[in-house]
Amino acid sequence: MEIFYSILPDLIRMVVCAVCGAAIVFGNALVMGYAERKLAGHIMLRPGPMEVGFHGVYQLVVDGLKLMGKQLVVPKNADRPLFMLAPLLAFAPVFVPLLVIPFSDKIQGFDLDIGLLVILALASINLLAILIGGWSSNNKYSLFGAFRAVSQNVAYEIPMLLSLLSIIFMTNTFSLKGVVAAQSPVWFIVIQPLAFLIYLVAIVAETNRAPFDLPEAESELTAGFHTEYAGMSFSLFVLGEYANMFIVCSVATVFFLGGSSGIPLPYFEYSGIIWFLLKVYLLMFFLIWIRWTYPRTRFDQLMNFCWKYLIPFSLVNLIITVVMVKLL
Amino acid sequence: MDINQVKKQWQTLSTTIEDIDYAVSGHDYNICLERDKVRDFATLMLEEGFYLVDLMAVHVTPAIEVVYQFAHFETRCRVLARAFVDDNSEIATIADIYQGANWHEREARDLHGVVFVDHPYLFPLILAEEDVDLKPLLKKEGTLKDIDAVRRKPPEPAPEPKTKVKPEGAEAKPEAAKSQEQS
Amino acid sequence: MAMDVETLEDSRHHRYVLNMGPQHPSTHGVLRILLELEGEYAMELLPVLGYGHRCHEKIAEHKPVKSFMPNTARMDYLGALIYNHGYAHLLEKAAGVEVPERAEYIRVITSELNRIQSHLLWYGAYLLDLGAFTPIMYAFDDREHILDILEDVTGSRLTYCYFRVGGVSKDIDDKFVTSTRAFIKRLRSRFPMYEDLVNGNIILQKRLNDVGELTPQLCARYGVTGPLLRGTGVDYDMRRAEPYSIYPQFDFEIPTETKGDCMASFLVRFREMEQSLRIIEQALDGLPEGPVMAAKVPKKLKIPAGDYNASVEAPRGELSYYLVSDGSDVPYRLKVRTPSYSNLSVVPEMCQGMLLSDVVSAMGALDLVIPEIDR
Amino acid sequence: MKSYFSELFTGAWSLILGLKVTIKALFTPIVTCQYPREKLEITPNYRGHIDLVKFADTGTHKCITCGSCMRDCPSDCIVVDGEKREGVKGKALTVFTLDFTKCSLCGACVEVCPTKALDYSNEYELAGYAREDFHYDLLKRVEERE
């Protein structure tokens with residue numbers, strides 16, 4: 001019993017964190033879904049969703065209900081257990097990284113020493129889900145999408161890690177809170193602009209978004225790895241995608257944009273979270289913006305870009321950082 | 001491309017080479033070929049830089065006529081070449097000379113049942129597989145006309161290219177056609 | 001990005017067949033292509049046609065020549081007026097009908113507007129094939145102005161039946177002239193925007209350069225015409241090569257490129273819009289007064305026996321009507337040579353050894369209109 | 001090596017130009033029309049399905065039942081019939097139907113009509129549950145019209 005009481009605060013903390021995590025995942029999907037459609041609309045000189053609620057604000061809620069009501073179709077000769085597992089696998093791991101993200105200096109699930117590693121490790125599970133989903137669908141287009149996703153993600157994880165590594169060398173910690181604390185006078189975007197740019201390009205590829213949306217390239221592969229998914233299993237993929245976007249943008253905020261630091265708002269103790277979310281959604285806006293601007297790259301060009309530009313540049317950047325850290 | 005040179009080469013392949021008025025018919029030359037000369041003719045045209053505009057079949061008596069249209073990228077020279085198929089509706093393919101003819105020949109096979117001998121892949125293109133023997137564009141008994149009924153009449157006195165339809169000329173022709181039907 | 005076909009010749013057992021279409025986002029209609037893939041490289045392509053065949057040639061043999069006019073618009077819904085134009089041109093040539101000059105001017109203006117409209121739709125749809133979603137909306141925004149202008153004069157928005165044998169069915173008014181001039185100004189001002197957003201884009205250039213290269217010889221063997229041919233450096237345009245209507249009166253260029261790849265035909269089409277604008281401008285300036293219909297067109301149009309051909313420049317290439325007449329008012333045989341049909345037939349050779357993504361960009365560069373193929 | 005960097009910079013610049021275009025569009029007023037909520041005015045020259053014209057002076061149509069439109073229709077979608085009536089010159093129109101499912105809007109009927117009794121309607125919002133919904137009885141329509 002005493003043990004129970006000793007771990008009770010942690011347990012409560014965990015439950016609260018899980019609930020908050022779920023709230024963030026679903027809330028983020030609603031906001032992002034709406035924002036994406038609205039922004040896409042206005043970029044295309046059309047209004048976007050307008051029917052449900054004021055300027056269509058409830059559109060995503062209604063869409064969610066519709067998707068929930070749809071039949072889950074499993075294609076003939078598909079690997080049924082894997083087919084059902086894939087969307088869950090894409091969706092489930094996104095809660096855990098949220099626990100270690102410091103939304104402000106006071107709001108954070110757990111401040112782990114290996115915070116960044118947790119995030120990166122769990123982010124890779126999403127990839128496994130895409131591979132399983134594409135493989136088990138018994139559809140050649142899905143298979144193509146899955147293969148593309150795997151090679152693309154594996155390739156782009158390298159520049160992403162290398163660019164983050166140069167920050168790690170400067171801060172000497174994997175703890176996200178520590179990284180934020182290290183940026184108290186200047187944000188790392190000023191010191192490490194190249195690393196930020198490389199990271200930005202890498203996350204577009206990591207989250208499989210246009211112009212690097214090859215795994216789901218709808219004009220080539222109909223819908224890529226989720227061709228055969230419908231209803232809720234499809235929406236789990238989408239939820240996972242938006243949550244992943246949120247996570248990678250949070251990491252970018254923590255590592256380059258000073259995390260929750262900003263001018264403290266009067267009369268509000270937790271103003272850090274507002275700054276944090278503002279930065280995250282600014283990055284997300286950028287992702288949306290480029291999605292609706294560019295054509296899609298070709299697969300070999302995508303890989304070439306990674307191996308010819310991103311990795312050399314991030315390596316050079318890393319070496320310079322290490323030398324500078326040693327010297328100074 | 002020197003048209004006189006080309007004309008000389010045509011003459012080795014065909015005896016009937018007509019100069020026709022482009023302003024009226026849209027063609028410059030009308031060439032009637034024997035069906036065994038079709039491949040030689042196509043080879044010659046390719047060498048001279050002509051491209052294949054179209055290939056089609058027209059159902060007339062005595063036999064289905066295959067019509068080839070060629071034109072040239074550099075100079076205006078529209079050539080109409082025609083050849084009759086043999087008794088088994090067969091004619092040599094030109095799909096290995098003009099690859100574009102591949103589909104046109106498959107289409108002619110679908111619509112008229114012309115068999116192009118040695119065609120690389122004479123599979124139905126437009127029709128479904130089971131409708132291969134439908135031959136939808138073959139004329140029915142009664143509507144089928146003789147080749148002379150659809151040939152241009154020799155220029156009657158003072159044929160001006162841009163004149164109104166001559167009623168007497170227009171009426172005279174259906175009669176000719178009718179007589180063909182009766183026979 | 002072509003793979004060496006020879007080295008893979010003995011590895012056929014690795015291949016498998018992918019069914020692209022009949023319902024695929026980038027086949028633009030009910031076209032099916034069987035791809036024999038080696039990894040993501042398409043080693044063999046086999047287009048399968050005929051899903052939407054409407055037997056227009058058979059229909060033509062069953063009704064008077066004049067009644068076939070609405071069918072021409074259904075063959076190529078994007079270049080309907082140009083198809084009208086070709087058919088009217090054929091019948092006028094065959095029956096010897098003189099067309100009033102004003103009617104010819106109206107025909108040229110509306111045909112060129114139609115051509116721009118077709119190119120704009122291709123532009124948007126092609127970018128959609130390449131994964132850019134926004135340009136299609138901008139292109140449609142411009143295209144909508146053309147549709148409004150043409151709707152005002154022809155009465156329909158897509159499948160026009162506006163031209164008649166001997167003229168056009170309705171005269172244009174001042175409103176048409178002013179709105180067309182306004183449109184010319186507007187589209188000109190939009191070109192820099194398209195250049196910035198699309199044409200200069202590095203991703204697009206990487207996607208299109210050196211993809212699907214054609215040569216003039218290959219075009220001759222397959223009968224490929226239109227912007228694809230002009231992309232290989234041959235300035236073959238029916239408006240210049242076999243002038244019809246009043247095109248010889250206008251001063252315009254035939255844009256050509258030399259490389260023959262997708263980028264070349266892309267640029268050729270883009271520049272053709274500007275040239276069409278020039279033609280329209282000159283035609284509006286020189287628009288004569290007068291009737292728009294020939295005074296005497298026989299109600300029952302009898303075509304003297306013989307065969308007739310009329311070729312016009314459709315947005316996608318050379319369009320030829322070939323009419324065999326037996327002297328009656330019903331065609332004995334009417335064959336329509338549609339540009340997309342010949343252009344598509346080059347795909348198996350053009351796309352051999354290409355990546356799947358390149359097949360999509362090469363197919364988009366053909367600017368396929370499937371009803372034109374399955375006519 | 002030089003081309004390596006120059007390509008990088010020209011490429012990046014072209015991407016920035018693209019972003020400039022779209023961000024400008026984001027703050028441009030929309031150009032679409034929310035169709036069922038707002039409707040654009042349709043041009044009077046729009047060619048919908050054909051209709052018999054109601055003439056103000058006679059209060060009815062001017063069809064003389066000659067059947068030219070029926071004969072000239074390339075898709076045989078018009079049926080005209082009339083009967084001989086006392087005190088009426090010529091035939092009186094009893095049936096004038098249009099099968100709009102077959103009509104290709106070529107306008108041959110309107111142009112051939114000797115009394116200009118036919119004209120295009122301006123109806124473009126056409127939807128129905130069955131194809132019979134588009135078999136129009138034009139005679140009834142002209143009588144019901146104001």
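Author: Quick definition first: a residue is buried if 20 or more other C-beta atoms (placed from the backbone) lie within 10 Å of its own, exposed if 12 or fewer, and partly exposed in between. This is a predicted model, where local features need pLDDT of at least 70 and side-chain atom pairs pLDDT 80 or more, while totals for chains, interfaces and linings use all residues. Residues are numbered from 1 along each chain as its sequence is written, with chains lettered from A and ligands numbered from 1 in written order.

Reader: OK, so what percentage of the residues of chain A count as buried?

Author: Chain A has 328 residues to go through. Apply the neighbour count to them and the buried part comes to 48%.

Reader: What radius of gyration does chain A have, next to a compact globule?

Author: The radius is taken over C-alpha atoms, and the globule rule is 2.2 Å times the number of residues to the power 0.38. With 328 residues that rule lands near 20 Å. The box around the C-alpha atoms of chain A is roughly 60 × 55 × 50 Å along the principal axes. Chain A agrees with the globule rule, since its own radius of gyration is 20 Å.

Reader: How many helices and strands are there in chain A?

Author: Helices (H or I, at least four residues) and strands (E, at least two) are DSSP runs, numbered from the N terminus. Reading chain A from that end, you meet α after α. The tally is 13 helices and zero strands.

Reader: Which share of the contacts in chain A between residues at least 6 apart joins residues at least 24 apart?

Author: Two residues are in contact if their C-beta atoms, placed from the backbone, lie within 7 Å. Keep the pairs in chain A at least 6 apart in sequence, then pick out those at least 24 apart, and you get 77%.

Reader: Now chain D: what is its radius of gyration?

Author: For its 146 residues, a compact globule would come out near 15 Å. The C-alpha atoms of chain D, though, fill a box of roughly 95 × 30 × 30 Å along the principal axes, and buried residues make up 23% of the chain. The radius of gyration of chain D is 27 Å.

Reader: What pattern of elements does chain D follow?

Author: There are four helices and five strands to place in chain D. Among its contacts with a separation of 6 or more, 70% are between residues 24 or more positions apart. Along the sequence, the elements go α-β-α-β-β-α-β-β-α.

Reader: Which element gives the most to the side of chain C that touches chain B?

Author: On that interface, 47 residues of chain C are in contact with 41 residues of chain B. Elements of chain C supplying at least two residues each include helix H3 (80-95), strand E6 (306-314) and strand E7 (317-325). With six residues, the top contributor is E6(C).

Reader: And how do the residues of that side of chain C divide by class?

Author: Ala, Val, Leu, Ile, Met, Phe, Trp, Tyr, Cys and Pro count as nonpolar, Asp, Glu, Lys and Arg as charged, and the others, Gly among them, as polar. Sorted that way, the side of chain C touching chain B has 19 nonpolar, 13 polar and 15 charged.

Reader: Where does the largest share of the side of chain A that touches chain D come from?

Author: Here 13 residues of chain A are in contact with 13 residues of chain D. Helix H1 (2-43) and helix H12 (271-291) of chain A each supply at least two residues of that side. By class, the side of chain A has 10 nonpolar, two polar and one charged. The largest share, three residues, comes from H1(A).
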